[in-house]
Amino acid sequence: YADSDLAVRYVAKKHPDYIVLLERGASGLPYQNAWYRDGIPDARATLVYDRGSDSGERVKIYRWSGAGD
């Protein structure tokens, strides 16, 4: 478990291409609901996909630019 700032630093260290967030109500990760609701708090994360399914689940995908690493 980590707070949002530490999670962003970890993501930056791993250099992903994308980050996928699923809307699931209460999450085991302290920052996941805030990231889903408010966006990932870093300029390197750009929302590229935001859709819901027929089952009601919503998916958000962010592209991680890696600039500034």
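## A guided tour of a small α-β-α-β-β chain

Among contacts between residues at least 6 apart in sequence, 55% join residues at least 24 apart; contact here means heavy atoms within 4.5 Å. Before you start clicking, note that this is a predicted model, where local features need pLDDT of at least 70, side-chain atom pairs count only at pLDDT 80 or more, and totals for chains, interfaces and linings use all residues. Residues are numbered from 1 along each chain as its sequence is written, and side-chain values use heavy atoms, with hydrogens and water left out.

**Stop 1: the whole chain.** Switch on the cartoon view and look for 2 helices and 3 strands. Helices (H or I, at least four residues) and strands (E, at least two) are DSSP runs, numbered from the N terminus. Along the sequence they follow the pattern α-β-α-β-β. Now show the surface: about 4800 Å² of the protein is accessible, and 49% of that belongs to carbon and sulfur atoms. Such areas come from the Shrake-Rupley method with a 1.4 Å probe, and for residues only the protein chains shown count as cover. Of the 69 residues, 28% are buried. Buried means under 20% relative accessible area, exposed over 50%, and partly exposed in between (1.4 Å probe, protein chains only).

**Stop 2: the core.** Select Ile19, Leu21, Trp35, Ile40, Tyr62 and Trp64, which touch the most other members of the 13-residue largest nonpolar core. A nonpolar core is a set of buried Ala, Val, Leu, Ile, Met, Phe, Trp, Tyr and Cys residues joined through side-chain atoms within 4.5 Å. Which elements each supply at least two residues of this core? They are α1 (4-14), β1 (18-22), α2 (32-38) and β3 (58-64). The largest share, 4 residues, comes from α1. In soluble globular proteins, nonpolar side chains tend to be buried together. Next, centre on tyrosine 62: not counting residues up to four places away in sequence, its contacts include Ile19, Leu21, Trp35 and Ile40.

**Stop 3: a buried pair.** Go to aspartate 42, in the loop between α2 and β2. Is aspartate 42 buried or exposed? Its relative accessible area is 17%, so it counts as buried. Its partner arginine 44 is also buried, at 16%. Their side chains meet in a salt bridge of 2.8 Å, N to O. A salt bridge is a side-chain nitrogen of Lys or Arg within 4 Å of a carboxyl oxygen of Asp or Glu. Beyond its neighbours within four places in sequence, aspartate 42 contacts Val8 and Trp64.

**Stop 4: the other salt bridges.** How many salt bridges does the whole structure hold? The search finds 3. Select arginine 37 and aspartate 38, whose closest N and O atoms are 3.1 Å apart; both residues are exposed. Then pick arginine 58 and aspartate 50, with closest N and O atoms 2.9 Å apart. Arginine 58 is partly exposed at 31%, and aspartate 50 is partly exposed at 24%.

**Stop 5: strand β2 and a surface patch.** Tyrosine 49 sits in strand β2 (residues 45-52) and is partly exposed at 37%. Select it with Tyr18 and Val48 to see a nonpolar surface patch of about 280 Å². Patches are made of residues with over 30% relative accessible area and no salt bridge; like charges are joined within 9 Å, nonpolar side chains (Val, Leu, Ile, Met, Phe, Trp, Tyr) within 5 Å. Glycine 52 also lies in β2, and its C-alpha atom is 9.3 Å from that of glutamate 23, 29 residues apart along the chain.

**Last stop: histidine 15.** Find histidine 15 in the loop between α1 and β1. Its phi is near 55°, a positive value in a residue other than glycine.
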